[in-house]
Amino acid sequence: MSAKPKVAFFSFTGCEGCQLAVLELEPVLLDILGAVDIVSFREAMTEHSEDYEIAFVEGSISTPHDVEEVQHIRQRAGLVVAIGACACSGGLNALKNRRGMDDVLQTVYGSSGSWFETIPARPVSAVVPVDLELPGCPMDGNEFVWAVKSLLRGEMPKLPQIPVCVECRLKGNVCVLAHKGKHCQGPITIAGCGAICPSHGGHCVGCRGYLAHPERDAHMEILQEHGLTVDEVRAQYSLFNTYSEMAREAAS
Amino acid sequence: MTVGCVPKGRLTDFVCHICRGRQLIGVRQKEPGFVEFAELDSPDELVLDYVSTPLPPKAFIYPPIETLVRMRLGTAPQVETVLDETPRAIVGVHPCDLHALAQLDVILGDHYGDPHYFARRQSALLVGVDCLPDEHCFCGQVGTARAEGKCDVFLTDVGLAYLVECWSDEGREAVEGFGGLEEVTPAVLEAARARMERKLAGIEPRLSAPVEMLPMLLDGHQKASEWEDVAAKCVSCGACNLVCPTCNCFDVYDEVALSLTEAERKRRWDGCMLREFTLVAGGEVFREGKPDRLRHRMQRKYNYLYVRYGSPFCTGCGRCARSCPAGIHPVSAVNQVTASES
């Protein structure tokens, strides 16, 4: 990799909030621009170049055109980094996957539905090999900077496989699952966000995706003790993780 | 050494006096129903009548995340050790947490002294306070109900006043010169004694065997399968480790600046209940299942470290039980496993 790698940002189905998360890094944005050469970034610039080494890809893949384009990106980029829940796990977009695609088109576009093509939403990794995933809705800015610094040193960052609870306890938060009856998904969700939701009055909704070895049965049992039915628990798991939930259901 | 009584109305003055020149760490309201140890803006915030905090006061001696060394990178790298010797007063520490710090002194001082821990430890004035238990506390079961001199100054609530005891030269110096101390009467001493009696009587979780028997009993329950039932609902969130006042395992990592010319080596609390804790080079996980991890944690608290250092490495503070989403209580777990046939 050259001293100042060329970097491009691409956006598929999503709200572009992960590109905004990069722009919101004001305190270090100039340092980032000093370290990398951004050649494409729709949210922030009009110029575009096809010459890039690292592609940061946000959004899920949900049209045949998306598939072609992400394959094109994969061919050109040395490294493909999926950023945000949509790109890493399919995100909220995958909620539509439980319905027929014709039904989805009809709901969104009415009688004009036949003008559009749509496919079940999927993470980038379901279409092309992905070198690194930085999950979250939106992606965590600090984690993005941490990953960029690792890549600049020529190291592939590795996200710790620890639950959100670790960051939550380290902050001294009161456990919202144990003490406040909230249906927190922290114990099964991969950390890296600094437990931002439980730290600000909310609870974890699993936007960063689940651990490779989640204690899912035990978590499900606890949520049932909190009064949820099995279907209600599954609905909660499906908010950000329909794609993996459906894969899981298909495998069982 | 008992030195006098502080009327409750003069507590703020007393705290101001003994903490002069020091950063004031104390217990304050966090949110409705919960208190926490924090740096206080004013001694008026101090809450001394409380049961427990999410994190133990350990967090101000051994922070959740701390910088160990700063590095300047390049052909001639420079490394600077970071030691925090800020004078602090930690006020409102319960006997269980005082015992926990004494145990950390032992384990972090063994073989070599952890300089980062001891820099803060030796700069801190510890002001303890007595307490009454909730349904999770079991200090009386593990020998930590009384502070036994493990702090500089100790306060006991005797109704309208706090009984003040100084247990170190630093404590005596801190209290010296405070004009508002009242005489200790036999009635005050009786109130202090009655309060301890009330505390011990209020402890609900009971070990089925005396704590001294636990190392021997637990030796017979080393198979992970024997811990399956108690671990069934464990979500492996690591909360029990991370809120524990005696847990001291950590992970080390480097944070490099975007310039790539400077870096900090940091450490962060880690915990043996987390699967990744037991992941080693080559991808091996040496305690794969949660029953095995819970077995290890309990063995360490009530057997391995007990045998090695002479006291159980659990102070009965109850934090693990309070913060466990699955409601696992160590006393129930140990009772259940030791009652089963090995």
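**Talking through two chains and their pockets**

In this predicted model, chain A and chain B bury about 2,800 Å² between them, with 69% of that on carbon and sulfur atoms.

Me: Which residues of chain A supply the most of what it buries against chain B?

Reply: A:Arg169, A:Leu170 and A:Glu215 do: they supply 22% of the area that chain A buries against chain B, more than any other three residues. As for contacts, 33 residues of chain A touch 32 residues of chain B.

Me: Why is the pairing of B:Lys290 and A:Glu215 called a salt bridge?

Reply: The two side chains meet at 3.3 Å, N to O. The cut-off is 4 Å between a side-chain nitrogen of Lys or Arg and a carboxyl oxygen of Asp or Glu, so this pair qualifies. The count between chain A and chain B is four salt bridges.

Me: Let's go to the largest pocket. What makes a residue part of its lining?

Reply: A lining residue has an atom within 4 Å of a point of the pocket. By that test 35 residues line the largest pocket, and nearest its centre are A:Trp146, A:Pro160, B:Tyr253, B:Glu255 and B:Arg268. About 1,200 Å³ of space lies in there.

Me: Which helices and strands each supply at least two residues of that lining?

Reply: From chain A, helix H6 (141-152) and helix H7 (164-170); from chain B, strand S10 (250-256) and strand S11 (262-269). S10(B) gives the largest share, six residues.

Me: How do you know which class A:Trp146 and B:Glu255 belong to?

Reply: Trp is on the nonpolar list and Glu on the charged one, so A:Trp146 counts as nonpolar and B:Glu255 as charged. Over the lining of the largest pocket, the split is 17 nonpolar, three polar and 15 charged.

Me: Now the second largest pocket. How do you know where it lies with respect to domain 1 and domain 2 of chain A?

Reply: Domain 1 (6-152) and domain 2 (164-251) both give residues to its lining, so the second largest pocket lies between them. Helix H4 (84-89), strand S5 (132-134) and helix H11 (230-251) of chain A each supply at least two lining residues, and H11(A) gives the largest share, five.

Me: What lies nearest its centre, and how much space is inside?

Reply: Of 24 lining residues, A:Cys88, A:Glu133, A:Arg208, A:Gly209 and A:Tyr210 lie nearest the centre of the second largest pocket. The space in it is about 480 Å³.

Me: Why is A:Gly209 put with the polar residues?

Reply: Gly is neither on the nonpolar list nor on the charged one, so A:Gly209 counts as polar. The lining of the second largest pocket has 12 nonpolar, six polar and six charged residues.

Notes: Residues numbered from 1 in each chain as written. Chains lettered and ligands numbered in written order. Predicted model: local features only at pLDDT ≥ 70, side-chain atom pairs only at ≥ 80, totals over all residues. Heavy atoms only, no water. 1 Å grid on protein atoms, 1.4 Å probe; cavity = no way out; pocket = protein on both sides within 12 Å on 5 of 7 lines; lining within 4 Å. Points joined across faces, edges and corners; volume = space filled by probe spheres on them. Helix = DSSP H or I, 4+ residues; strand = E, 2+ residues; numbered from the N terminus. Domains from an automatic or database assignment. Contact = heavy atoms within 4.5 Å. Buried area = accessible area lost by both parts, 1.4 Å probe.
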